[in-house]
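Q: I would like a close look at one part of this structure, please. Take me through it in one connected account, and spell out your terms as you go.

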Amino acid sequence: MLEDPFSFVEYIRENPDDFLRFLSQHVQLTLLSVLFGVVIAVPAAILASRVGLLARPLTGIASVGQTIPSLAVLGLLIPFLGIGFRPALVALTIQAFLPIFLNAYVGIRSVDRAVLDAARGMGTSGGQLLRMVELPLASPVIFAGIQTATVQNIAIATLAAYIGGGGLGDLILQGLSTLNGALLFAGAVPVAVLAITTELALGRLRRWIVPEGLRPTGS
Amino acid sequence: MITLDHVSKTFESKGRTVRAVDDVSLTIGAGQLHVLIGPSGSGKTTTMRMINRLETPTAGRITVDGRDVLAMDVVELRRSIGYVIQQGGLLPHLTVAENVAMVPRLLGWQRHRRRERAEELLGLVGLPAGQFADRYPRELSGGQQQRVGVARALAADPPIVLMDEPFGAVDPITRKQLQRELRRVQAAVNKTIVFVTHDIGEAFLLGDQIALMADGRLVQNGTPADLLRRPATPFVTAFTGEDRGLRALEYTTLAEVADAAGSVPATDGDTLPGELSILEAGRELARRGETGVDGFWVSDRGGRKTGYLSYRRFAAMLGEALGPAGATAGEADGDALPA
């Protein structure tokens, strides 16, 4: 089946529309799921850090959720949401929630108690404490969670093809079922390239996002 | 002025009720530096933290300038009270100037006014603004961070400043330097300062008044001289330490011990200012040498002779104060020996 490992380039050249459609679905699945993940998980983490009673169940769910295989999550959602792009997006959002929530919660909770005490003593209101102290100080850890979720979801998004969600996984599945190496690699190689470049790009971005005073000396 | 009226604070810990602060009544006068001192667990920090409501009293009443703190808006109350803690508590993601101007920022001051105020205060605490304003806390030494902490507490010019072991985490030499600077700053700004420490030397150096606490209770409240010369309990004596005799000489002024001027015949002799401590007077007399009379006059700030002190009584006081100090030092040494 692997007569020529670079035959996938030919496939992409001959079917640019198909390839771009799958690539665009893949990127959409990843970006939207991470975006929704942030929108849901960061407020949830803030809530958990404020309301002691919620902290345990929420971190518990997040931790258990982390251990369920992604494919199983996709399958479990079929009875409720059916198949296609949307259920795939929901499944990926659930997957993104976990690392983002855990990092945000730990990041907020690990802000130096002395700093919090001083800030409270100076008369910051609850919202000001969050906005001016906790979130900036937790931002490196929160961002690391987003980075993890993004790279992870680029990989997991290949599974969306199993429930008709599209993405580069579609090419991989077609390649596997028809023993077509060119198709298989046309899906797999771009996924790998996407994951690696995203990881590197977000690493760069992280250095910009971390507040200057928190960066290691000499940077 | 701050008053604490029968204030108590109890915690529930593992099903047991812990009395952290037990029926403490205390008045802290305006413009005074009032030290709260005691061993760890004595309730001194909790007592202080109830003033800006970082802790809530379970019983009793605390007022600031006559207003019950529990009836005030907590955020407003805290913004009107400076707060300095041991580890500095500087915000690591803000520059030194931004840290200093934190409360002004919360109060909505304009940017340029905040910057001006921050630079002014950095100058006051001995950190030239040009050199320090735009640096980050991690680039500063522990002592410098504490100075920034003090500047930050003064930024909005609050009438009251609470300090929780502010110099506890720096090395002894820096600590001494910071203590001297606090005295200088206090002379310039004249705040009502509540200062928590467990260091008796620091308490004597800085305190106008000292409140000694143990097991949540107020054991004695008074001037340094009161604690040294009229200890309320043996605990006070033990806590003020082995060199208390020398300290007593340092904190007792001539005006306090001289005989009234009318009770003795007018003679010649030197005149010493009444605000000198006995220790300082001893040095001064040694410098001036023999005068031929049996004592010296003590004057008030206006130079008026208000009292007379014979050398005989002067020497007796020196002897009395030095006696027990040696004895205590001996006992302490004995205790330190392994049994």
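A: Let's start with one charged residue: B:Asp68 is partly exposed, its relative accessible area being 21% (buried means under 20%, exposed over 50% and partly exposed in between, with a 1.4 Å probe and protein chains only). Before going further, please keep in mind that this is a predicted model, in which local features need pLDDT of at least 70, side-chain atom pairs count only at pLDDT 80 or more, and totals for chains, interfaces and linings use all residues, while side-chain values use heavy atoms and leave out hydrogens and water. Residues are numbered from 1 along each chain as its sequence is written, with chains lettered from A and ligands numbered from 1 in the order in which they are written.

The partner of B:Asp68 is B:Arg61, and the two form a salt bridge whose closest N and O atoms are 3.5 Å apart (that is, a side-chain nitrogen of Lys or Arg within 4 Å of a carboxyl oxygen of Asp or Glu). B:Arg61 is partly exposed too, with 40% relative accessibility.

A second pair brings B:Asp199 and B:Arg175 together in a salt bridge, at 3.8 Å from N to O. This pair ties distant parts of the chain to each other: B:Asp199 sits in the loop between strand 8 (192-197) and helix 9 (200-206) of chain B, B:Arg175 in helix 8 (residues 172-189) of chain B, and they are 24 residues apart. Helices (H or I, at least four residues) and strands (E, at least two) are DSSP runs here, numbered from the N terminus. Both side chains have some access to the outside: B:Asp199 is partly exposed at 25%, and B:Arg175 is partly exposed at 22%.

In a third pair, B:Asp226 and B:Arg230 form a salt bridge with their closest N and O atoms 2.6 Å apart. Elsewhere, A:Asp117, B:Arg49 and B:Glu55 are joined into one network by salt bridges that share partners. Over all chains, the structure holds 16 salt bridges.

For a view of the interior, turn to B:Val236 in helix 11 (residues 234-240) of chain B. B:Val236 is buried, with a relative accessible area of 0%. Leaving aside residues up to four places away in sequence, B:Val236 touches B:Leu212, B:Val219, B:Gln220, B:Leu227 and B:Pro231, where contact means heavy atoms within 4.5 Å. Its C-alpha atom is 25 Å from that of B:Glu280, which is 44 residues away along the chain.

Now step back to the whole of chain B, which has 15 helices and 14 strands. Of its 339 residues, 48% are buried. Among the contacts in chain B with a separation of 6 or more, 66% are between residues 24 or more positions apart. Its C-alpha atoms fill a box of roughly 70 × 55 × 45 Å along the principal axes.

A last word on confidence: the mean pLDDT of chain B is 86, and 90% of its residues reach 70 or more, pLDDT being the predictor's confidence in each residue, from 0 to 100. Residues 324-339 of chain B call for care, with pLDDT under 50 throughout and seven contacts beyond four places in sequence.
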